[in-house]
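This report is meant for someone meeting the structure for the first time. Please look over the sequence and the model before reading on.

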Amino acid sequence: MTAPSSIVLVGPTGAGKSSIGRLLAQALQWRFTDLDREIESRVGVCISTLFTQGNEAYFREQEHLALRDTIVTPAQVLATGAGCVVREENRKLLHNAYVVHLQVPLASQLKRLQCDRSRPLLQSENREQILQEMARIRAPYYAEVADLTFCNDGHQSPRSACAKLLTQIKQNWHD
């Protein structure tokens with residue numbers, strides 16, 4: 001496989017898509033785009049407000065439009081939101097890029113997200129149950145779109161995870 005013109009990171013909430021993606025873009029000397037920040041820039045409000053004002057369906061439509069417009073940018077690492085893969089049109093768009101599925105154990109997700117109150121779908125007493133249900137629904141979609149699956153075990157720093165991921169990506173490019 002020849003080197004792709006862009007890399008898209010998919011995976012569950014708390015997998016490290018944004019932190020690892022930012023470092024990966026630096027290492028490749030590419031642009032980094034966080035799809036959630038792109039949506040916020042376009043609509044002028046934060047994601048949690050967008051959910052409260054417009055509901056999840058409105059957010060998902062904005063997510064689709066932002067993905068459609070940004071996925072074509074060359075020399076880019078794009079971090080998607082965890083639920084981006086649920087929509088079939090988004091999965092079709094993702095086939096236009098090199099997609100890395102970042103996996104993370106549930107215990108690591110819970111630890112990383114324990115103080116996070118910014119994620120609308122996790123505003124519940126039983127985050128573990130919500131994350132398990134999201135994983136059950138989304139895992140087949142992540143597998144469908146992924147060119148590479150990388151397990152971010154939660155015990156390594158984002159920098160270390162990025163270095164290991166970059167090695168795997170480059171091995172894939174030369175296989």
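In this predicted model, helix α1 covers residues 17-28, and its 12 residues reach 16 Å from the first C-alpha to the last, which is close to the 16 Å expected at 1.5 Å a residue. Several residues of α1 are buried, among them Ile 20, Leu 23, Leu 24 and Leu 28, and Lys 17, Gly 21 and Ala 25 are buried in this helix as well. Just after α1 comes Gln 29, whose phi is positive at about 60°.

A second place to look is His 95, which sits in the loop that runs between helix α4 (88-94) and strand β4 (98-103). When its neighbours within four places in sequence are left aside, His 95 is in contact with Glu 144 and Val 145. Along the chain, His 95 and Glu 144 are 49 residues apart, while their C-alpha atoms are separated by 9.5 Å.

For the chain as a whole, there are 7 helices and 5 strands, and these follow one another along the sequence in the pattern β-α-β-α-α-β-α-β-α-α-β-α. The table below gathers values for the entire chain.

| Property of the chain | Value |
|---|---|
| Share of the 175 residues that count as buried | 46% |
| Share of contacts with a separation of 6 or more that join residues 24 or more positions apart | 72% |
| Exposed area | about 8,900 Å² |
| Share of the exposed area supplied by carbon and sulfur atoms | 50% |

The contact of His 95 with Glu 144 thus links residues that are 49 positions apart, and residues 24 or more positions apart account for 72% of the chain's contacts with a separation of 6 or more.

Methods
Residues are numbered from 1 along each chain as its sequence is written. This is a predicted model: local features need pLDDT of at least 70, side-chain atom pairs count only at pLDDT 80 or more; totals for chains, interfaces and linings use all residues. Side-chain values use heavy atoms; hydrogens and water are left out. Helices (H or I, at least four residues) and strands (E, at least two) are DSSP runs, numbered from the N terminus. The expected span of a helix is 1.5 Å times one less than its number of residues. Buried means under 20% relative accessible area, exposed over 50%, partly exposed in between (1.4 Å probe, protein chains only). Contact means heavy atoms within 4.5 Å. Accessible areas come from the Shrake-Rupley method with a 1.4 Å probe; for residues, only the protein chains shown count as cover.
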